[in-house]
Amino acid sequence: MQKASLRKIGEYLIRRCKKEDLSQVASINWTSLPEHYSSYFFEATLNELPEAFLVVEKDRMVVGYIMCRIEYGMSVLYKFRIARKGHIISFAMLEQHRRKGLGRNLVEEALQALKDKGCSEIFLEVRISNSSAIGLYKKLGFKIVSTIRWYYRDEEDAYMMGRAL
Ligand SMILES: CC(C)(COP(=O)(O)OP(=O)(O)OC[C@H]1O[C@@H](n2cnc3c(N)ncnc32)[C@H](O)[C@@H]1OP(=O)(O)O)[C@@H](O)C(=O)NCCC(=O)NCCS
């Protein structure tokens, strides 16, 4: 049976996302990041991997989320190796709830869920100007594995970052 919450941090709760949370997730995505997704995409991602689509809740309101998927293919860490890879697709906290350690806890929970699903590594793309997110990922042991030129629509480059699980 699934646990109701994964982690409690003061008044905040980290738990799995539910379908009824998705409009709040989309709204956090809209206000926090330039990359947006359709409601179909959010729902499909939740259906595909509910274990690693997590939210932070406070007073019954969603204040942050992380959504992930699993991909099979070339390892981002080792040459000529095929891997089952966790991919962080999108991750954000509402501005007024940042710098409380919640983002870090959210990523840690998602990493554990991906490991439990058999992933041997995790990767993500991040804007090279996004020093706060890069700092967080480095604290969690991620390394920059490559730079992807003009990855974003506005032509900013991305770092691909990854680590073993
Ligand atoms: C990235 C983001 C999710 C971090 O969430 P958060 O809850 O504020 O992160 P935490 O409080 O857990 O921070 C963990 C560490 O990350 C780094 N960090 C986070 N925000 C930072 C900032 N504004 N400046 C510098 N370092 C920062 C720090 O090393 C921090 O540890 P510390 O507080 O002990 O110094 C949040 O800033 C956000 O939503 N940003 C907009 C969306 C985004 O960029 N998402 C990532 C896309 S790849």
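1. In this predicted model, helix 2, which spans residues 39-48, has Phe-42, Thr-45 and Leu-46 as buried residues. Seen down the axis of helix 2, these buried residues fall within an arc of 100°, and they therefore line one face of the helix.

2. The face of helix 2 that is turned away from this buried side carries Tyr-40, Asn-47 and Glu-48, which are exposed. As for what lies over the buried residues of helix 2, the cover includes helix 1 (22-32), strand 3 (53-58), strand 4 and strand 5 (82-93).

3. Helix 1 can be read in a similar manner. Its buried residues are Leu-22, Val-25, Ile-28 and Asn-29; viewed down the axis of helix 1, they fall within an arc of 120°, so they line one face of that helix.

4. On the other side of helix 1, the exposed residues are Ser-23, Trp-30 and Thr-31. The buried residues of helix 1 are covered by elements that include helix 2, strand 3, strand 4 and strand 5, while helix 1 is itself among the elements that cover the buried residues of helix 2.

5. A further point concerns the surface, where Met-74, Phe-80 and Ile-82 make a nonpolar patch of about 410 Å². Of these residues, Met-74 is placed in strand 4, which runs over residues 61-74. Met-74 counts as partly exposed because its relative accessibility is 45%, a value that lies between the limits of under 20% for buried and over 50% for exposed.

Terms used. Residues numbered from 1 in each chain as written. Predicted model: local features only at pLDDT ≥ 70, side-chain atom pairs only at ≥ 80, totals over all residues. Heavy atoms only, no water. Patch = residues over 30% accessible without salt bridge, like charges linked within 9 Å, V, L, I, M, F, W, Y side chains within 5 Å. Areas by Shrake-Rupley, 256 points an atom, 1.4 Å probe, with all protein chains shown as cover. Salt bridge = Lys/Arg side-chain N within 4 Å of Asp/Glu carboxyl O. Helix = DSSP H or I, 4+ residues; strand = E, 2+ residues; numbered from the N terminus. Buried < 20%, exposed > 50% of the residue type's maximum accessible area, 1.4 Å probe, protein only. Arc of directions from axis to C-beta. Contact = heavy atoms within 4.5 Å.
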